[in-house]
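Welcome, and thanks for taking a look at this one with us. Have the sequence and the viewer side by side as you read.

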Amino acid sequence: MIILLFKNVLRNIFFCKNLFFYSISISALIFFSLYKMIHRSLWLDELYMLAVAKMDFISSIQQTFDYSAPLYQILLKLLVKIGFDSEIVLRFPSLVFSLLSLIYVYLLAKLIFNQKTAVVTTLLTSVHPFVVYYSSESRPYTLLLLLSCASCYYYLKCIDLKTHKNYLLYATFTILMPLGHYYGYLVFAAQLCHLIIFYLIKSLNNKEFIPSFLITFLILLILSIFPIRYVLEGLPAASWMQPPTLYSWELGDFFRSSRFLVLCAIFIALVCSLINIVNRVMYRKNLSKEACGFLFLFLWIVFGVYSILLYSAVIKPLYTERHFVFIIPACIILLSYFITRLYPVVSLSIIISIFALFLLIDWQRCLFIPRKGFPELVSFLNELEVSKCFIIDKPYGSFYKSPNITGLQYYSFDGKIEPFTIPNHSPLRTAPDGFYLVYEAKQNDFLHYLNSYKTHFVQMPFETSILFYVTSGP
């Protein structure tokens with residue numbers, strides 16, 4: 001009796017400790033996300049989402065300037081239709097999706113390994129810089145995070161348990177997954193490969209799941225007409241990047257200075273590990289729970305990372321950090337599993353260090369907000385009754401594929417917007433008199449251009465942008 005009481009006390013302490021850390025991590029996620037929602041102006045991709053949300057349904061399906069899958073756009077349509085189009089409201093669903101995804105991250109890690117791994121995985125995922133950053137942006141990346149985790153969770157339950165409820169939930173989340181973001185097809189490809197391997201080595205416990213899986217596969221095949229259309233018409237994402245080469249490759253916004261050769265070596269090591277697992281299974285004719293988890297997470301990471309990199313190398317660069325958000329759970333589950341197998345003091349030290357590092361990165365990224373101050377800028381222009389403003393910062397201009405809303409218009413600029421491109425070849429043309437909005441990154445280029453003509457101008461800084469008043473006279 002005393003032993004049982006002691007076990008219950010320990011269990012309650014463990015639960016309270018986990019609850020404490022959960023409270024800290026979730027509070028951090030909510031705080032950083034809301035801070036960015038309030039202090040950051042909408043940027044190009046979010047304005048595209050808003051532009052599509054204001055179209056009728058048929059037009060939004062036919063448009064090609066925003067290549068996002070339709071599910072998040074439909075959600076924004078509902079918000080816009082009832083009159084909610086402020087920055088916070090448009091971005092709030094992303095925060096909700098990230099919070100809900102933590103539930104399935106926990107369940108998935110617990111199903112594959114154990115509760116201790118699930119706890120560590122949930123804590124680290126909730127404060128991961130990618131998750132925090134895209135929880136405050138009106139884009140579908142956290143929606144994909146939620147749907148992919150839910151789909152993978154029910155997939156792993158379906159291959160072992162004969163439950164029609166699981167079949168239905170798996171089909172629902174898996175069909176919604178590529179409708180949330182087309183990278184959902186990569187997650188499904190990992191599931192398909194995993195199922196084929198299980199079937200070939202005769203380790204599939206629940207063969208009744210195969211018909212449900214095939215029906216889901218056929219539905220996704222029909223829905224693939226949407227991403228195929230965008231690929232055939234020329235996917236515009238990350239077109240500013242250089243295609244990767246073998247020996248010199250800056251891997252997008254996050255993996256800077258990484259080498260493609262190193263990634264190839266990692267890929268070869270992962271493939272060798274897969275072959276080793278399969279060879280061992282062929283002799284034993286079954287997979288342990290941990291081996292099954294390793295195999296699935298391995299396929300999730302490989303399809304999620306290397307499919308994008310292969311597309312980038314062969315067709316067009318497409319490897320910014322936001323394109324890897326949906327593989328974060330797989331990576332952190334593996335990391336957490338290995339950490340929890342270490343000596344307890346070492347394990348706790350590593351967890352606290354990683355947790356603190358993630359919080360530090362979140363705080364730094366929270367302080368550096370690259371797009372803010374546009375409401376104040378527009379208010380200043382309207383007070384001066386400026387009839388025209390030239391835009392040099394592309395995301396707030398009108399010379400992409402003409403969404404029916406631009407940044408200054410969203411913030412109620414009363415005048416006309418006209419794009420202006422800085423000439424980079426002779427003969428140069430002088431800038432007309434007037435106001436010019438320049439993003440900080442373009443400031444030096446524009447100054448060099450004005451100074452080359454000895455043009456008179458005044459600079460007025462507004463947070464991350466500079467407003468120039470240019471005149472030909474003194």
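The report below goes from the whole chain to a few chosen residues.

**The chain as a whole**

Please keep in mind that this is a predicted model. The protein chain has 474 residues, and 51% of them count as buried. Its secondary structure comes to 19 helices and five strands. If you look at contacts between residues with a sequence separation of 6 or more, 74% of them join residues 24 or more positions apart. The accessible surface of the protein chain is about 23200 Å², and carbon and sulfur atoms hold 67% of that area.

**Aromatic rings**

Rings are a good next stop. Searching the whole structure gives 34 aromatic pairs. One cluster linked by ring pairs takes in Tyr-155, Tyr-167, Tyr-170, Phe-188, Phe-209, Phe-213, Phe-217, Phe-296 and Trp-300.

**A nonpolar patch on the surface**

Turning to the outside, Leu-34, Ile-38, Ile-88, Phe-92, Val-96, Leu-100 and Ile-103 make a nonpolar surface patch of about 550 Å². Two helices, helix 1 (2-39) and helix 5 (87-112), each supply at least two residues of this patch. The largest share is that of helix 5, with five residues. One of the patch members, Leu-100, sits in helix 5. Why does Leu-100 count as partly exposed? Its relative accessible area is 37%, and the partly exposed class runs between the buried limit of 20% and the exposed limit of 50%.

**Two buried polar residues**

Helix 5 also holds Ser-94, a residue that counts as buried because its relative accessibility is 0%. A polar atom of the Ser-94 side chain lies 2.6 Å from the backbone oxygen of Glu-137. Leaving aside residues up to four places away in sequence, Ser-94 touches Tyr-72, Tyr-134, Ser-135, Glu-137, Ser-138, Arg-139 and Thr-142.

The other residue is Glu-46, found in helix 2 (residues 44-53). With a relative accessible area of 2%, Glu-46 is buried. The side chain of Glu-46 is joined to that of Arg-91 by a polar contact of 2.8 Å. With the same four-place exclusion in sequence, the residues that Glu-46 touches are Ser-41, Arg-91, Ser-136, Glu-137, Ser-138 and Arg-139. Glu-137, Ser-138 and Arg-139 thus appear among the contacts of Glu-46 and among those of Ser-94.

**Two more places to look**

Tyr-199 lies in helix 10 (residues 184-200). Tyr-199 and Ile-210 are 11 residues apart in sequence, and their C-alpha atoms are 9.7 Å apart in space.

Where is Glu-385 placed? It is in the loop between helix 17 (374-383) and strand 1 (388-391). Glu-385 has a positive phi of about 55 degrees, although it is not a glycine. For background, most residues other than glycine have a negative phi.

**Accessibility side by side**

Here are the residues discussed above, with their relative accessible areas and classes.

| Residue | Relative accessible area | Class |
|---|---|---|
| Ser-94 | 0% | buried |
| Glu-46 | 2% | buried |
| Leu-100 | 37% | partly exposed |
| Tyr-199 | 48% | partly exposed |
| Glu-385 | 70% | exposed |

The value of 48% leaves Tyr-199 partly exposed, because a residue counts as exposed when over 50%. Glu-385, at 70%, is exposed.

Technical notes
Residues are numbered from 1 along each chain as its sequence is written. This is a predicted model: local features need pLDDT of at least 70, side-chain atom pairs count only at pLDDT 80 or more; totals for chains, interfaces and linings use all residues. Side-chain values use heavy atoms; hydrogens and water are left out. Rings of Phe, Tyr and Trp (its six-membered ring) pair if their centres lie within 6.5 Å; planes under 30 degrees apart count as stacked, over 60 as edge-to-face and the rest as tilted. Patches are made of residues with over 30% relative accessible area and no salt bridge: like charges are joined within 9 Å, nonpolar side chains (Val, Leu, Ile, Met, Phe, Trp, Tyr) within 5 Å. Accessible areas come from the Shrake-Rupley method with a 1.4 Å probe; for residues, only the protein chains shown count as cover. A salt bridge is a side-chain nitrogen of Lys or Arg within 4 Å of a carboxyl oxygen of Asp or Glu. Helices (H or I, at least four residues) and strands (E, at least two) are DSSP runs, numbered from the N terminus. Buried means under 20% relative accessible area, exposed over 50%, partly exposed in between (1.4 Å probe, protein chains only). Contact means heavy atoms within 4.5 Å. A polar contact is a pair of N or O atoms within 3.5 Å; within protein, one must be able to donate a hydrogen and the other to accept it, and residues adjacent in sequence count only if both atoms are side-chain atoms.
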